Amino acid sequence: MIELKNVSKWYQDFQALHDCSVQVEKGEVVIFCGPSGSGKSTLIKLINGLESFEKGDILFQGQSIKAAGVKLPALRRRIGMVFQHFELFPHLTVLENLTIAQIKVLRRSGADAEGKALSLLDRVGLTAHARKYPSQLSGGQQQRVAIARSLSMDPEVMLFDEPTSALDPEMINEVLTVMAELACDGMTMLCVTHEMGFARQVADRVVFMDAGSIVEISPTDEFFSAP
Ligand code: ADP
Ligand code: ADP
């Protein structure tokens, strides 16, 4: 579904990614781990065009994302992304956060968008909070809203960039549980995370990065078994 082929990226004269190649199949959950600064976040951001790259190619459903005619907004609708910081619209209610892009971008009717939003809020356990504003929710709840908002666009792939790193410890599990359920439902997921318990339980494969290079790609069992 997603294939990185010999991707290299520079920030000015600093090379952040060196010749990275990895292929992710439909329905797979792949975890990216490695030291801070190793390029995990950069690699994830390249996939939906949040950062550009200079060498190599990235294919989504067999088509280069650099190909003429591939529009970034269209790509980002098909590839959902959840960041460390939730980035909800503060002046909109939870429900409105989930309906606005459906209405404005996908041109769904208000009723359809609301129906979809409510079913997603049910899925992440936040039905009771639909009319609240983001500031009235805990960090864990806000991140679950952010995941639901991303899902409201019916993405084919979900990218997660340290979705629990900004959360208080007691809120981490509620977000990981939502992510694990998503994985169970067959979503294709690429996740940057330091949550190795989650990786062990949910990932199909683990990619280990260091200094901008992919140094290991292993099935989860192999990755965690002693050498
Ligand atoms: P990780 O997610 O593994 O912590 P990042 O992808 O965030 O790593 O960063 C990889 C390297 O690229 C780091 O050395 C970081 O400082 C550098 N970097 C990231 N973003 C930028 C940027 N916008 N400009 C310059 N350097 C950057
Ligand atoms: P994350 O890894 O979650 O993206 P960071 O704290 O690494 O968060 O980066 C926050 C922002 O700063 C990102 O947009 C990143 O591109 C940018 N950034 C990171 N490192 C550098 C750097 N060395 N020089 C310039 N910008 C950077």
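Start with the whole chain: eight helices and ten strands make up the protein's secondary structure. Both are DSSP runs, numbered from the N terminus: helices are H or I with at least four residues, strands are E with at least two. The radius of gyration is 18 Å, close to the 17 Å that the globule rule gives for 227 residues, so the chain is as compact as a globular protein of that length. That radius is taken over C-alpha atoms, and the rule is 2.2 Å times the number of residues to the power 0.38. Along its principal axes the C-alpha trace spans about 45 × 45 × 30 Å.

This is a predicted model: local features need pLDDT of at least 70, side-chain atom pairs count only at pLDDT 80 or more, and totals for chains, interfaces and linings use all residues. Residues are numbered from 1 along each chain as its sequence is written, chains are lettered from A and ligands numbered from 1 in the order written, and side-chain values use heavy atoms, without hydrogens and water.

**Stop 1: ligand 1**

Select ligand 1 and its shell: Y11, F14, A16, P35, S36, G37, S38, G39, K40, S41 and T42. A shell residue has a heavy atom within 4 Å of the molecule. Colour β2 (14-24) and α1 (40-47); each supplies at least two residues of this shell. The largest share, three residues, comes from α1.

Now show the polar contacts (pairs of N or O atoms within 3.5 Å).
- Y11: a polar side-chain atom lies 3.3 Å from a nitrogen atom of ligand 1.
- G39: a polar backbone atom is 3.0 Å from an oxygen atom of ligand 1.
- T42: an N or O atom in the side chain is 2.5 Å from an oxygen atom of ligand 1.

Taken alone, ligand 1 exposes 560 Å², and the protein buries 62% of that. Areas come from the Shrake-Rupley method with a 1.4 Å probe. By class, the shell has four nonpolar, six polar and one charged residue. Ala, Val, Leu, Ile, Met, Phe, Trp, Tyr, Cys and Pro count as nonpolar, Asp, Glu, Lys and Arg as charged, and the others, Gly among them, as polar.

**Stop 2: ligand 2**

Select S41, K45, E51, Q84 and D161, which surround ligand 2. S41 is also in the shell of ligand 1. Three side chains to check each have an N or O atom beside a ligand oxygen: S41 at 3.0 Å, K45 at 3.1 Å and Q84 at 3.4 Å. Taken alone, ligand 2 exposes 550 Å², of which the protein buries 24%. This shell has no nonpolar, two polar and three charged residues.

**Stop 3: the largest pocket**

Select R76, M81, R149, S150 and M153, the residues nearest the pocket's centre among 23 that line it. Elements giving two or more lining residues are α2 (72-78), β6 (79-82), α3 (94-104) and α5 (139-151). The lining has 14 nonpolar, five polar and four charged residues. About 510 Å³ of space lies inside. A pocket here is an open set of points on a 1 Å grid over the protein atoms alone, where a 1.4 Å probe fits, with protein on both sides within 12 Å along at least five of seven lines; lining residues have an atom within 4 Å of a point. The volume is the space filled by probe spheres set on the points, which are joined across faces, edges and corners.

Conventions: A polar contact is a pair of N or O atoms within 3.5 Å; within protein, one must be able to donate a hydrogen and the other to accept it, and residues adjacent in sequence count only if both atoms are side-chain atoms.
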